[in-house]
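Let's take a walk through this structure, starting at the chain's beginning and stopping wherever the backbone or the surface does something worth a look. Keep the viewer open and follow along.

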Amino acid sequence: LVDPGTKLGNYTVTTNNGTLTVGAANLTVTANNASRLYGASNPSFAGSITGVVNGDNITATYASTATQASSVGTYPIVPALADPGSRLGNYTVTSNTANFTITQATPTITVTPGTYTYSGAAQGPGAPEVNTGGSTGAITLSYVGTGTTVYGPSATPPTAAGTYTVTASVAADASYNAASSSATAFTIGRKAASVTPAMGASTTGGQTVSGPIGIGRNSPGAAF
């Protein structure tokens with residue numbers, strides 16, 4: 001009581017104390033959505049925290065159960081509050097999770113040709129020579145002649161000697177998008193021909209002459 005006129009002596013005073021109720025402050029922590037490609041490292045997760053008062057040292061971190069090896073799909077990002085000063089008891093906390101989405105990656109497809117020589121059979125790089133970049137999708141191949149070699153496009157490897165390209169296409173699977181290689185060059189070389197003279201044949205000037213071999217007047221060992 002304040003009594004600047006000094007009048008309280010004229011009163012019988014009864015004092016009744018009241019109750020001051022301090023309610024909890026509202027604190028909200030919210031994670032941000034995030035995404036990455038399959039096989040990549042997890043990004044740094046982030047979010048926001050609102051409602052901290054009185055300079056209380058309350059901070060938040062954000063984490064997911066997804067690892068680098070996790071499959072394509074959606075995983076939760078969960079906030080966690082750090083409260084070294086034990087102030088959270090003064091707050092009503094609302095925690096909002098977010099979505100961490102792992103999407104299909106696009107693989108790098110390459111083809112490594114071997115060495116090929118004409119044999120009369122179809123030949124060229126096949127599925128074993130295709131690096132799918134980790135994808136398990138089905139492989140299809142397309143062969144095309146180049147330069148003066150006329151062939152394809154065809155899914156069947158060529159037979160004739162000549163120059164070609166092959167393009168490998170890999171279908172999508174659960175972890176990877178569909179993708180194709182660049183056109184990769186390869187060559188089917190000509191087969192070397194060999195000529196074996198028959199008995200009683202001779203070769204002259206690169207030509208084979210059949211029949212009996214005569215002995216000329218000037219031949220060594222000729223007698224007349």
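One thing up front: this is a predicted model. Start with Tyrosine 11, which you'll find in the segment before strand E1 (25–31). Is tyrosine 11 buried or exposed? Tyrosine 11 has a relative accessible area of 57%, and since anything over 50% counts as exposed, it is exposed. Tyr11 also has company out there: together with Leu1, Leu8 and Val13 it forms a nonpolar patch on the surface. Taken together, these four residues offer about 450 Å² of accessible area.

Move on along the chain and you reach E1, which belongs to an open sheet of three strands. Read across the sheet, the order is E3-E1-E6, and the pairing is mixed. Strand E3 (47–50) and strand E6 (91–96) are the edge strands, each pairing on one side only. Neighbouring strands here are turned by 10° against each other on average, if you ignore direction.

A quick reminder of what holds such an arrangement together: strands of a sheet pair through backbone hydrogen bonds, and they can do so parallel or antiparallel. For E1 and E6, the two run parallel, with six bridges joining them. If you want one of these contacts to click on, pick valine 29, whose bridge partner in E6 is serine 95.

Now for the loops, where a few backbone torsions deserve a look. After E3 comes the loop that leads to strand E4 (59–64), and asparagine 54 lies in it. Its phi is near 60°, a positive value in a residue that isn't glycine. Asparagine 54 is also exposed, because its relative accessibility of 76% is over the 50% cut-off.

There's a second case of this kind further on. Which residue in the loop between strand E5 (73–82) and E6 should you check? That would be serine 86, with phi near 55°, again positive without being glycine. Serine 86 counts as exposed too, because its relative accessibility is 62%.

The last stop is about omega rather than phi. Go to the loop between strand E11 (139–145) and strand E12 (162–170), where proline 153 has its place. The peptide bond leading into proline 153 from glycine 152 is cis, with omega near 5°. If you're preparing the model for further work, that's the bond to look up in your torsion list.

Key. Residues numbered from 1 in each chain as written. Predicted model: local features only at pLDDT ≥ 70, side-chain atom pairs only at ≥ 80, totals over all residues. Heavy atoms only, no water. Patch = residues over 30% accessible without salt bridge, like charges linked within 9 Å, V, L, I, M, F, W, Y side chains within 5 Å. Areas by Shrake-Rupley, 256 points an atom, 1.4 Å probe, with all protein chains shown as cover. Salt bridge = Lys/Arg side-chain N within 4 Å of Asp/Glu carboxyl O. Helix = DSSP H or I, 4+ residues; strand = E, 2+ residues; numbered from the N terminus. Buried < 20%, exposed > 50% of the residue type's maximum accessible area, 1.4 Å probe, protein only. Pairing = 2+ DSSP bridges. Axes fitted to C-alpha atoms, helices over the stretch in contact; angles between N-to-C directions.
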